[in-house]
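Below are some points on the model, set out for a colleague who has the coordinates open. They go from the ligand site to the domains, then to the annotated spans and one helix pair.

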Amino acid sequence: MLHSSAVPVHDHRATATFWTEAPEALLARLGSGPWGLAAADAERRRAVDGPNAVVDHAPAAIGRKILRRMAEPLIAILIVAGLVSGLTGDWPGFGIILSIVAVSVAMDVAQEHRAEQAAGALRDSVAVRAIARRDGRPQGVPVEALVAGDVVELAAGALVPADGVLLDGQGLQVNEALLTGEPYPVAKRPGAGAGATLAEATNAVFSGTAVVTGAATMLVVATGSATRLGGVAAALAARRPATAFERGLRGLGLLILRLTVFLVLFVLLAHLAFHRPPLESFLFAVALAVGLTPELLPMVTTVTLSRGAMRMAAKQVVVKRLAAIHDLGAMDVLCTDKTGTLTEARIALADATSPEVLRMAALNAGLASGQPTTLDAAILAAQPLPAGWRLLAELPFGFERRRSSVLAEGEGQRLLVVKGAPEAVLAACTGAEGNAFDRAALLAAAEARGAEGLRLLGVATRAVPEGEVVDGPEAERDLTFLGFCAFLDPPKRSAAAAVARLAELGIRTKIVSGDAAPVVRHLVQALGLPAQGLLTGEEIAGMDDHALAARVGQVDLYARVSPDQKRRILLALKARGHTVGFIGDGINDAPAIHTADAGISVQEATEVARAAADLILLAPDLGVLAEGVEEGRRTYANVMKYVRMGTSSNFGNMLSMAVASLVIPFLPLLPAQILLNNLLYDVSELGIPFDAVDRADLAAPHAWDMRQVLRFTMVMGPLSSVFDLATFGILLWGYGATPEEFRTAWFVESMVTQILVIFLIRTAGPAWRATRPHPVLAATSLGALAAALALALGPFAAVLGFAPLPGALLGVIMALVVAYLAVAEALKRVAVPRAAR
Ligand SMILES: Nc1ncnc2c1ncn2[C@@H]1O[C@H](COP(=O)(O)OP(=O)(O)OP(=O)(O)O)[C@@H](O)[C@H]1O
Ligand SMILES: [Mg+2]
């Protein structure tokens, strides 16, 4: 490959242990410098190396999809069968079979492709970006566009976008749980790495890990599948277990597949044993198999989900992982952090014990490198950074320690200034400014102010002698306590209504906060939320997973919990059989978001939280979540309509036809007629993803229940067969129909019953009281029905092998249809258990 002469030739390939090389050597080898790459150069490299993505999410091109569908066994057999009928001179058969295959593949692929495109565009709209230095300045670059040689700026809350080494950095700590399983953050600093093992790679950061505190710049050395994460990509892809719904659908598909194979082989062998024509028997068996396969199921699921995603987007909820819509619909417990979802997140300083306390707090907040937190910003809004101080060292805030410290020099002193959660700061204090140090009294005072709803930070200092190195939390000792800063974060008015709405939907809301217990209690009171019980992080630390699982059912409030404890609470809830959602925005929420069935974050959240989430709320409002939940239940209800249709009416019809083919001396339907029947039936169902859903279907969480599906099949399937047999009897023995008349009558009967029954199945209550069917569903069903009648009874009927029917016989068939629908409507009540209505 020819590079333009301006770009030095460099070796892209990363060695497995790149961190043992000196940074300068790596920079030279990758043809980069501290100010990164030229944008044009990065573009060229991307063309060579490919996108920085472990798994390619881009939907396959439509041509490839069509080919893939045609390679599916049944379709391939049909195409071959069509060609064989052509070769034997059956040209109408050839034409009909191939056009039916073409129409059904086109319909399926086009629908699915459109749906995927739309869902993909939504996902891209919330994609994570990295800050890379390109053309000499930092700019937001989509993570996928990063290449080896890029220089990326990392700050707290950022996701490490690729593998690389640190060029410089301050107090960087990353969570590598994804790679190593270790839940506690590890420190990283620039320099030469010690050894070749991952644990010794203290100067390297890896794709998929998260920056917990501190700031750094990294040189990207490996991207995409060349990263450590890429190496375990296969394991990672299997990491997210399928949802209960997905597993249920898969199990059902497998069951139907087995039945189909069994039935079709049986029919084929029986026909051959009766010395029926082999090609015709084979085609009949294949057509039966096609008729039995719920081939639209994947398409119906995808289209239903992506339509759900579109509607949710209109309500400010963006779906990153489509299947999460089901989880959202099945969710019965929602855990939420406090700030931003239940409060306005407009944090403002209320007061400080003394001007000096505030001045020191501002020193701590203003000197700290990295992104200022909301608390830091509130301090600096009230008191600008005092002039004349410089930063010597810092111990960035950590969620386990709940303190942050700076070592500052100014006004002729060298001071370690510590601020943090009151009990965390007081624990490191041995004295107090001015008066006697009474830790218990100070804790009680903090508690009292917390009960007023004020968020508190303690501030303390220590004079540090020249020569003492401050580079670890051990330095936070022998502090002198100065006082408190108190902050106000008004409760969000709309939150109470949102929680009530979720409760109506059968969802219990629990608050999981890093803040102090009194603050959480005050908030619950202020909003009038129904909540019982409270566990603190300290109490949870003393429980094993078993003990925790025994408590989480009754406890709604959790205070002073660490990021890992948030995750443990979710695991405990899941262990108790709940489908759990978690909504949060911080670095500290990411592990819990990841663990939840439905991980939710908001658009303004930190990158790690957004990257871990399945759903992103564009407006930080619990109210929109309730809409999302309804949308999830709507998609579930519509997929269930398709499943019920397939397992009862369609399955019953094909089954009776298989049986009939063994009893009567001719084929009950010609292969091409079966395929036509199946195609029209598919068309009639295209509208299901659009259909409106009864209020009752939205009222409570639901999970996939195989027994319910089987029960429905066991009741409705045989019912359909009873009427089929009645049709057979009347046609054969009552009327003495010719084969052509028999097929025409049977085609009409099965089409009308199969299609019309959707208007009963779509609701659990009386069909006439249900919400009106969506116009698209009405159009596809009634259109398909009209087409079926026109083809079977119209001018071209003879081409398809149909014969005209006398009016009296048509009348009898219609009477049978009406009787079937009436009985189906009555039996439906038995088929759907009361609990599921
Ligand atoms: N910048 C900071 N400096 C010092 N201490 C801090 C800082 N930020 C947070 N803390 C302390 O750590 C505690 C936990 O942090 P935080 O409140 O953000 O957790 P959380 O779980 O996200 O809470 P919430 O439920 O309110 O969203 C705070 O209550 C505060 O005491
Ligand atoms: Mg938070």
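**Notes on the predicted model**

1. The shell around ligand 1 is made up of four nonpolar, eight polar and seven charged residues. The model is a predicted one.

2. Which residues come nearest to ligand 1? There are 19 residues around ligand 1, and K338, T339, A421, S513 and G514 are the ones that come nearest. At least two residues of the shell are supplied by each of α14 (374-382), β12 (403-410) and β13 (413-420).

3. Ligand 1 lies between domain 2 (317-344 + 492-620) and domain 3 (348-488), because both of these domains give residues to its shell.

4. The domain assignment gives domain 1 as 249-306 + 630-836, alongside domain 2 (317-344 + 492-620) and domain 3 (348-488). Between domain 2 and domain 3, the C-alpha centres are 29 Å apart.

5. At the contact of these two domains, 11 residues of domain 2 meet eight residues of domain 3. Helix α18 (residues 517-527) provides the largest share of the domain 2 side, with five residues. By class, the domain 2 side that touches domain 3 holds six nonpolar residues, four polar and one charged.

6. An unreviewed UniProt entry carries the annotation "transmembrane region" for residues 70-87, 249-270, 282-305, 712-733, 776-802 and 808-827. Two of these spans can be set against the model. Residues 249-270 are 100% helix and 0% strand, with the end C-alpha atoms 31 Å apart. Residues 776-802 are 67% helix and 0% strand, and here the end C-alpha atoms lie 29 Å apart.

7. Helix α5 (residues 91-125) packs against helix α11 (residues 297-314) at an angle of about 35°, and their axes are 9 Å apart. The crossing of α5 and α11 is left-handed.

8. Which residues form the contact of α5 with α11? From α5 come D108, Q111, E112, A115, E116, A118, A119 and L122. They meet M299, T302, V303, S306, A309, M310 and A313 of α11. Sorted by class, the residues of this contact are nine nonpolar, three polar and three charged.

Key:
Residues numbered from 1 in each chain as written. Chains lettered and ligands numbered in written order. Predicted model: local features only at pLDDT ≥ 70, side-chain atom pairs only at ≥ 80, totals over all residues. Axes fitted to C-alpha atoms, helices over the stretch in contact; angles between N-to-C directions. Helix = DSSP H or I, 4+ residues; strand = E, 2+ residues; numbered from the N terminus. Left-handed = near helix turned anticlockwise from the far one by under 90°. Contact = placed C-beta atoms within 7 Å. Nonpolar A, V, L, I, M, F, W, Y, C, P; charged D, E, K, R; others polar. UniProt positions renumbered as here; feature names shortened; annotations may be inferred. Near = placed C-beta within 6 Å. Domains from an automatic or database assignment.
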